[in-house]
Amino acid sequence: MSLIQKIGVCTGVFWIAVPEAHLYLLCGCPADAVKHLRKKGLIVSREEKGVVFETGPNAILLSDISIQNGHFANLSEFPVLQMLYLQGMIVPNHPGNTGEKPLLIGAYEQIASQMQYIYRGNYGLISEEEIRAAGVAPQAAKEMMRLKLRFAFGNIRRTEELLDACTVDTAFSEIRDGVSIRRVHTNVFELRYREESVTVDLNLAPGEFYPPPYPLGFHRIHRDYFSVIHSGEGDGWDENRPCMASVLSFQGKIYLIDAGPNILFILEALGIAVNEVEGIFMSHAHDDHFAGLTALMRADHRIRFLAHPLVRLSVAKKLCALTSMTEDQFGDYFDVVDLRLDRWNDIHSLEVKPIFSPHPVETTVFFFRALSEDGYRVYAHFADIAGLDVLENMVTGDASSPGITEDFYRQVGKKYRQRAHLKKLDIGGGMIHGMAADFASDRSERIILAHTSRELTRQEKLIGSGTSFGMVDTLISTHQDYVRKISYTILSSYLPDLTKDKVDLLLNHPIESYNPRTILLKSGESSRYVHFILTGDVERIRPHSETTSTLSVGGCFGESFGPAKTESTDTYRAINFVQALKIPFSIFAHVTQEHRLCEEMEQLWEKRAFLQDTWLLGEELSAKLQIEIARAMTAETLPARQQVPRENRTGLYVIREGAAVLCLEDEPLQELGRGDFIGSHKLLFGIPTLFRLHSEESVSLYHIPIHCLADIPIIRWKLYESYLKRMRRMMERQMAEGTLFLWRGAYDTGISDMDEEHRKLFEIARNLYLEVRSPTGGTRVEDWFQQLQTRMESHFQAEERLMEAHGYTGAENHRTMHRDYLREVVRKEKRQTDASLSLEEIMVFFRNWMIHHVLTEDRKLGMFLRRKTTT
C-alpha cells in the first residue's frame, strides 16, 4: 500500500494523506472545500470516549495565486473552523485536542493574507476606534466592543496564536514527521515521504472554475412586484444545499441578500444573469454569506452595496485582506449605499430597516416592506442571530466587563419578535446562531426555518415551515410585464438614434423563452432573427478555438448590417432559462438601413467582433457597452523596434495583430499576443504603467480611452487579477536574478526628495537582505533593522507632512499603511532576535512594500503633488 494517498476532490482541490505521519492535507481551499470533502467521504463522524466529532484535514496547502479565473482560490476560514471546533482541536478536554494546531502551508504572503482574513472573519472590527469610524457614538461603540469581547471569551486573539504555518520554497522543507514539500514552480508542489513522492498542481486552466458541491437544476423565475425567491436554506457545513440567502424581486428588479459561496452558480440555476442584479443587501462578513462577493464584480455595472457602515467596513477589511486592495478601492467595484439602523431606508420604493444583531462580527438583520392595497407587506430576513438564552447568559451589571446590559437583552428579544408577513430565521443553534424556540410565540404570518444542515425536530416543525431552493413567496403580485419593459430599455440604448415609433416597431415582436442548454444559433447558419437577451445567460462558442464567452442581459446575436443576412461564425447556446426579444432580420435590416445606421454599425461590428474574442473584453458586456467601447477605440501601429512610451500612455492598449514583449525598462518580462494588453495601472490606480511594449516587427494595436472602462467592474477585476500576476512575475524574476533592490527610473514618483529617500531605503533593504543570507548568520542584522526603522520613520513623516500641506485626499489610508509597515518592521526585528525569521519572509515583506506602496501608493502621491506644484 502506498505511503502517500492522493485523491482528486474536485477541480483544483486534492486530498493527500500520509497516515504514518498523521498528516491529512487539503490541497487548495476555495469556497465550500469542506462540503466537497464531506461529499467525498473524507470528513466523517466518529465517536471516542463518548464524544462524537468529525475527522478531516489537519493541514491546508494554499494556492500561490490568490485569485484564479476571477474567483478566490484561498478561503480557509471554514476549513480552519472545522478543524478547531468540529474536530475539537481547540476544545478543552476533547479527544481531538492533542495539542496540535491546524497548519497552513504555502507562500509566506498567502499565509500572511489568510491569517489576516481569518482574523477579520473571527472578529470583524477589532477596536472601539474602528467601530467609531462607522459613525457610531462613543458610548455605543464601547457597548459593542463589550459584546464582541464576550463572544471572544474576553480576548481577541491573533490568528497566529491558533494556527501553525510552514512556508514553501524551491528546496524541500519538512512539514511534519518526515513529510517534506517543495515548490516545483508556481502552484505546482512536490510532497515526499521516505521513498515516495507525489506532485500536486493547483493551477486552473483558462475557463476552469471551482465547482459547487451540490446540483440545483434549473428554475424559471417570474419577475414579480414584491416576492422572495429562496436561494439558500443550509449553513456553511450543509453539503447538499446553499447557505442561507434570499433573492428579492421588486418591481421586476433583482436584489440579493448576501453573497455566499457559488453565487454565480445559484443565479445561473435561477435563470438570473449577474447583469440583472440591481443591488446586494449585506448582513455580515462570515464566509457563508461573503465568499461570493467578488463574483458580483463580474457584472458590467457597479452593483449597489446596501449595508450599514459597520457591516460595510467589516466586509471591506476582510476583502482587502484577501486581495491586497485598499479600502478606498471598494467603491470602484460597488455603488456603496449606507443604510441607517432602526429606520426605514427608501431604496426606490423598496423600504429596508436594518436591525443590529448580536454576533461576533458586525451584523444586521433586515426588515423589507412595500406598499400594497392592504397596507405594507413585510419580509424579515434574520441571518445571523444569537439565541436568547445565550444572550441572557451575557448579561452583566459590571459596565467594565465583557457582556451586555439587561436592557439591551430585552430590546433584542422585542426586535426579534416584530411581526412580519414572512420571516426567515437562522436556527443554527450553538453560541452564535438562533433557536426556533425563541419564536414560538411570534405572530408573523409565515415563518421559514433555515441556516441548518440537520432535519427539523418535531418542536421546530410546530413553529415554522421549511422551503426548497427556487421556491417563491409572493408578497405583492404584479400586473405588469417587467421583461417587456426591459426590452424597451435595452433596445433604445442599443439604437439610441431611433425615434420612439421605430423602437416600437422593433418591439412589436415576440419574447421567446428557451430551455437550458438549447442551441439558439449554430455556426455557419444564417439567422432569420436578431435576438436581444432579456433574462438569463447565453454561451458563445467559437468552433475552431478554445474561446468561449458569456452573453448576458443586454447582449445580442444574429445581427448584421446590410440587406443580406450573413452566416454566423459562432454557436450560441442557452446556459439556463433564457428570454429574448426575437426580431425578424428583415424588419431589423429595414429599420437600420432607413435610418442610415448600417455603415457605422458595420464598421463597429469588426471592432465588436475583436472585443468578443478577447479574455479581457469578451464576456458579460451588454451590446450597448460594446458599441460605446468600439466607438471610442482607435487603431494604431507600433512600428518595429519601437516602444509604446510609458509617459504618454493614458489608456489601455490591446494588441490587434502581431506579437510584442512586455518590458520593464529594457528588461523583457512576458511575450504578448492578440488580445493581450498594457496600461492597466492608469485605470486601476491613476498612474502610468511601469511597463513598455516592444516589438521587433510592427504590431497593430487598439487604443481604448480609460473613461470607457473605468465604471465596468468585470474589466477592473480582470485587470486587477492580471496586474497581480504580472507584478508577481516581475518580482520573482528579480529575486531569482538578485536585482530586487535595484532602483529603476520607472519607479520614480517625480518628487526628487521622495525618490532619493526610496533609493536609500532600497540600499538599506539590500544590505539587510545580504546580511541575513550571510553564511555566518550575519552580525549586523540588528544594526540594519535599526537603520531601516529609523529611515522609514523619518521618510514616512516627511511624506505625511507633504500630504497634510497639500490636502492629499488619500492621506488617511496612506498613514495607515505607514503605521502597518513600521509595526511589521518591529515584528520582523523581534523574530530575527528570536531566530525565527526566514529569508523568504524578509523578501516577501520588501516585495509587498514595493508593489503596494512604493510602486503604487507613493507614485499616486507623486502625481498628486506634481499637479499641485504646477498649477
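Two strands are taken to pair if DSSP finds at least two bridges between them. In this predicted model, six strands form an open sheet on that basis. Their order is E21-E22-E23-E24-E25-E26, and the pairing is mixed. Strand E21 (345–347) and strand E26 (446–450) stand at the edges. Each has a single partner strand, so one side of each is left without a neighbour in the sheet. Neighbouring strands of this sheet are turned by 25 degrees against each other on average, with direction ignored. At the E26 edge, strand E25 (residues 422–426) pairs with E26 in the parallel sense. Five bridges link E25 and E26. Lysine 423 has isoleucine 447 in E26 as its bridge partner.

Helix H16 (residues 598–612) and helix H17 (residues 623–632) cross at roughly 105 degrees. Their axes come within 9 Å. Angles of 65 to 115 degrees count as roughly perpendicular, so H16 is roughly perpendicular to H17. On the H16 side, the contact involves Glu600, Met601, Leu604, Lys607, Arg608, Leu611 and Gln612. These residues meet Ala623, Gln626, Ile627, Ile629, Ala630 and Arg631 in H17. The contact residues of H16 with H17 comprise seven nonpolar, two polar and four charged.

The structure holds zero disulfides. Cysteine 27 is in no disulfide, and the nearest cysteine sulfur, that of cysteine 29, is 10 Å away. A disulfide would require the two sulfur atoms to lie within 2.5 Å. Cysteine 27 has a relative accessible area of 0% and is buried. Cysteine 556 also counts as buried, at 5% relative accessibility, because the cut-off for burial is under 20%.

Terms used:
Residues are numbered from 1 along each chain as its sequence is written. This is a predicted model: local features need pLDDT of at least 70, side-chain atom pairs count only at pLDDT 80 or more; totals for chains, interfaces and linings use all residues. Side-chain values use heavy atoms; hydrogens and water are left out. Helices (H or I, at least four residues) and strands (E, at least two) are DSSP runs, numbered from the N terminus. Axes are lines fitted to C-alpha atoms, for helices over the stretch in contact, and angles run from 0 to 180 degrees between N-to-C directions. Buried means under 20% relative accessible area, exposed over 50%, partly exposed in between (1.4 Å probe, protein chains only). Angles under 35 degrees count as roughly parallel, over 145 as roughly antiparallel, 65 to 115 as roughly perpendicular and the rest as oblique. Contact means heavy atoms within 4.5 Å. Ala, Val, Leu, Ile, Met, Phe, Trp, Tyr, Cys and Pro count as nonpolar, Asp, Glu, Lys and Arg as charged, and the others, Gly among them, as polar.
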